[in-house]
Amino acid sequence: MVERAHGLTFGFPTMHKEAGERRDFLPPLIHLLADLGCEVYVESGIGSGMGYLDEEYLSSLGVRVVDEDAAYRQEVVVVLRAPIGKFEKLRSGATLISMLHFPTRPARVRHLEELGIAAVGLDTIEDDEGRRLVVNSKAVAWNGLEAAFEMLERGWPQLTSAARPPVRVTVMGAGD
C-alpha cells in the first residue's frame, strides 16, 4: 500500500538560462506526485521545449499551472539546473532538489544554509555501486575545466597574457 503525502507541496519552476532549453520534468512524474496526495505547482511553459503543453500537466487533480514565483514558494522545489540568482525566491525551511555540485561550490552551500534551505544535490545521488544516477557529463567536464583554469590563473597570472608561449596540457582521465 502506498502512503499518501497529504499536505506536502512541490514546485517545478522552469529553467530560463538557455534559449531553447529542452530539459525538464515530464507529466508522468507530476501526475505521480499529485496522485500520492501532494499539491504540485508547475510553472507555465514547463516541458514546452520538449513539445508538452501546460494542459498535459493538468490531467491529475492537485496540479496547478502557476508563475515562477509561485513555483518557488512551495515546500519542495525541484529544478534540474541550480537556480542561480533565484535561491531567495525559496522560503526558509523549504527543500531544494537540483544539480547543486556541493563539492565544488562551497559558497553555494553556505548561502543555502544562511537562507535556511535544505538541499539535495541530484548530482550526489548514487546507486549501490557508487555510480551517479543523475549526470550531465558535458556540464561536469566544463565545471572541471573552469575550476582548473581558475586555479592555474591564480598560480600563473601570465596565463592571460598575449605574450606568453602556448600552454601544453595533458588531460588524464575522463570521469565515470
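Two residues are in contact when heavy atoms of theirs lie within 4.5 Å. In this predicted model, 50% of the contacts in the protein chain between residues at least 6 apart in sequence join residues at least 24 apart.

The secondary structure of the protein chain amounts to 5 helices and 6 strands. Read from the N terminus, the order of elements is β-α-β-α-β-α-β-β-α-β-α. Of the 176 residues in the protein chain, 32% are buried. The area exposed by the protein chain is about 11200 Å², with 57% supplied by carbon and sulfur atoms.

**Helix α1 and its cover**

Helix α1 spans residues 27-35, and its buried residues are P27, I30, H31, L33 and A34. These residues lie on the same side of α1, because the arc they cover around the axis is only 160°. An α-helix has 3.6 residues a turn, so residues three or four places apart point the same way. Just after α1, G37 adopts a positive phi of about 100°. The elements that cover the buried residues of α1 include those listed below.

| Covering element | Residues |
|---|---|
| β1 | 9-12 |
| β2 | 39-43 |
| α2 | 54-57 |
| β3 | 63-66 |

**A nonpolar surface patch**

On the surface, W142, L145, F149, L152, V167, V169 and V171 make a nonpolar patch of about 690 Å². One of these residues, F149, belongs to helix α5, which comprises residues 137-155. F149 counts as partly exposed because its relative accessibility is 43%, and that class lies between the buried limit of under 20% and the exposed limit of over 50%.

Technical notes. Residues numbered from 1 in each chain as written. Predicted model: local features only at pLDDT ≥ 70, side-chain atom pairs only at ≥ 80, totals over all residues. Heavy atoms only, no water. Patch = residues over 30% accessible without salt bridge, like charges linked within 9 Å, V, L, I, M, F, W, Y side chains within 5 Å. Areas by Shrake-Rupley, 256 points an atom, 1.4 Å probe, with all protein chains shown as cover. Salt bridge = Lys/Arg side-chain N within 4 Å of Asp/Glu carboxyl O. Helix = DSSP H or I, 4+ residues; strand = E, 2+ residues; numbered from the N terminus. Buried < 20%, exposed > 50% of the residue type's maximum accessible area, 1.4 Å probe, protein only. Arc of directions from axis to C-beta.
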